[in-house]
Amino acid sequence: MAALSLLSLLLLLLLPLSLLLLLSLIVRPRPVKIPIKDRHVFITGGSSGIGLAIAHHAAAEGTRVSILARSQSKLEEAKQGIQLATGIDVATFSADVRDFDAVRRTAEEAGPVDVLVVNQGVFLPEELAKQELDEVRLMIDVNLIGSFNMIKAFLPAMKARTDRRPASIALMSSQAGQGGIYGYTAYCASKFGLRGLAEALQQEIIADDIHVSLVLPPDTDTPGLVEETKRRHPISSIIAASSAAMTADQVAEKTLNGIKSGSFIVPCNFVGYLLAIATAGLSPQRSYTMAFVEVVGAGICRLAGLFFQWNWYGSIEKWHAQSKQ
């Protein structure tokens with residue numbers, strides 16, 4: 001009996017160890033470390049919010065920082081703030097990411113970039129039936145087309161760089177790019193689009209030792225969030241509360257750590273990790289231990305997701321019932 005119990009225990013241990021061994025052989029792309037010290041980090045949406053926080057953190061780590069935004073006055077204010085906090089001078093560029101010609105001129109002026117952080121974003125919450133198409137187009141143009149413009153303009157020089165150390169392109173998506181949220185139909189579409197862009201792009205540029213990261217923050221305490229919540233639907237607030245909000249500094253730290261480790265998916269809080277596991281799909285995975293968690297935890301996370309949906313749809317039904325009274 002004791003021998004049978006020991007054999008059963010060995011078999012129980014052998015299964016996960018065999019899975020770990022298999023995953024260590026098949027995960028792709030291979031693990032990589034991306035140094036950022038003394039390298040050029042270019043950040044869009046860099047005059048405020050998450051972008052500004054990333055610029056502060058990157059400058060503090062000894063990088064050469066460039067930031068892009070539309071407002072020259074906000075850029076100058078950001079530049080002075082970073083210089084006072086870190087002693088590092090940053091380059092500023094005023095351009096609209098929707099204008100490819102302006103972005104291309106910026107890329108030529110900025111010179112070779114080692115880490116491109118595509119962080120610009122617009123969020124205008126509204127039910128699709130009530131939202132003007134101009135607002136829908138604005139979110140798609142800034143969040144998605146603007147990202148294509150940035151990558152298209154900067155990628156040739158990144159591919160031709162003389163510094164052959166690994167480089168990075170980081171796309172700032174959202175937890176709204178992992179699951180639909182009431183009142184954010186157009187915004188979710190723009191952020192879901194970044195997922196497809198990132199997955200396909202990684203396959204295209206892996207041979208150039210350029211590594212894509214998709215950052216997925218929850219609600220983040222920024223000036224943009226203050227304006228967003230003023231017009232947010234009550235149901236949207238209920239759903240958004242499922243994931244704890246973060247500060248811009250917290251998201252910036254997660255972002256840079258994700259870039260340096262070459263992580264494709266960069267979740268920012270506990271719910272983000274659950275969503276990353278539940279939505280892993282065909283996304284690249286460098287870590288065989290994280291791949292193990294995805295394989296083992298997928299069913300559990302799906303169950304948790306169903307409970308979330310049960311809660312959300314219950315809230316939607318309750319709100320609409322009350323509004324009709």
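**Reading a predicted model, strand by strand**

Modeller: Start with a pairing. Strands β1 and β2 (residues 64-69) run parallel, joined by five bridges. Keep in mind that this is a predicted model.

Colleague: Which residue of β2 is the bridge partner of Phe42?

Modeller: Ser66 is the partner of Phe42 in β2.

Colleague: How does the chain cross from β1 to β2?

Modeller: Through helix α2 (residues 49-60). For handedness, point the strands away from you and follow the path over the helix; clockwise means right-handed. Here the β-α-β crossover is right-handed.

Colleague: What joins β1 to β4?

Modeller: Three bridges join β1 to β4 (residues 115-118), and these two strands run parallel. In β4, Phe42 has Leu116 as its bridge partner.

Colleague: Are the faces of β1 covered or bare?

Modeller: Apply the cut-off: under 20% relative accessible area is buried. In β1 (residues 40-44), five of the five residues are buried. One side carries His40, Phe42 and Thr44; the other carries Val41 and Ile43. Both faces are covered.

Colleague: Next, the helix in the crossover. What should α2 span, and how far apart are its end C-alpha atoms?

Modeller: With 12 residues at 1.5 Å a residue, α2 should span 16 Å. The end C-alpha atoms are 17 Å apart, which agrees.

Colleague: Is α2 enclosed or open?

Modeller: Count buried residues. Nine of the 12 in α2 are buried, so the rest of the structure largely encloses this helix. Among them are Gly49, Gly51, Leu52, Ile54 and Ala58. Just after α2, Gly62 takes a positive phi of about 85°.

Colleague: Compare that with α9. Where do its buried residues sit around the axis?

Modeller: First the length. Helix α9 (residues 248-260) has 13 residues and reaches 18 Å from first C-alpha to last, close to the expected 18 Å. Its buried residues are Ala248, Val251, Ala252, Thr255, Leu256, Gly258 and Ile259. They cover an arc of only 160° around the axis, so they lie on the same side of α9. Just after α9, Gly262 has a positive phi of about 70°.

Colleague: Those are glycines. Which residue other than glycine has a positive phi?

Modeller: Asp38 is one of these: its phi is about 65°. Asp38 sits in the loop between α1 and β1. Its relative accessibility is 62%, so Asp38 counts as exposed. Asp209 is another non-glycine with positive phi, near 60°. The loop between α6 (185-205) and β6 (210-216) holds Asp209. With a relative accessible area of 25%, Asp209 is partly exposed.

Colleague: Which residues does a cis peptide bond join?

Modeller: Check omega. Arg28 and Pro29 are joined by a cis peptide bond, with omega about -5°. Pro29 is in the loop between α1 (2-26) and β1.

Colleague: What does Pro284 touch?

Modeller: Set aside residues up to four places away in sequence. Pro284 then touches Arg28, Pro29, Glu199, Gln202 and Phe264. So two of the names just met in the cis bond turn up again in this list. Pro284 is in the loop between α10 (270-278) and α11. At 16% relative accessibility, Pro284 counts as buried. As for Glu76, Pro284 is 208 residues from it in sequence and 38 Å from it in space, C-alpha to C-alpha.

Colleague: Now the interior. Why look for nonpolar clusters?

Modeller: Nonpolar side chains tend to be buried together in soluble globular proteins. In this model, the largest nonpolar core has 50 residues. Phe42, Leu116, Met150, Ile151, Phe154 and Ile169 have the most contacts inside it.

Colleague: Which element gives the most to this core?

Modeller: Helix α5, with 10 residues. Elements that each supply at least two residues include α4 (100-110), β4, α5 (133-159), β5 (167-172) and α11 (288-323).

Colleague: With which residues is Ile169 in contact?

Modeller: Skip neighbours within four places in sequence. The contacts of Ile169 include Leu116, Ile151, Leu155, Met158, Leu201, Ile210 and Val212.

Colleague: What lies apart from this core?

Modeller: Another core, of 30 residues. Ala55, Val90, Val215 and Cys268 are among them. Ala55 is also one of the buried residues of α2.

Notes. Residues are numbered from 1 along each chain as its sequence is written. This is a predicted model: local features need pLDDT of at least 70, side-chain atom pairs count only at pLDDT 80 or more; totals for chains, interfaces and linings use all residues. Side-chain values use heavy atoms; hydrogens and water are left out. Helices (H or I, at least four residues) and strands (E, at least two) are DSSP runs, numbered from the N terminus. The expected span of a helix is 1.5 Å times one less than its number of residues. Buried means under 20% relative accessible area, exposed over 50%, partly exposed in between (1.4 Å probe, protein chains only). The arc is that of the directions from the helix axis to the C-beta atoms. Two strands pair if DSSP finds at least two bridges between them. A nonpolar core is a set of buried Ala, Val, Leu, Ile, Met, Phe, Trp, Tyr and Cys residues joined through side-chain atoms within 4.5 Å. Contact means heavy atoms within 4.5 Å.
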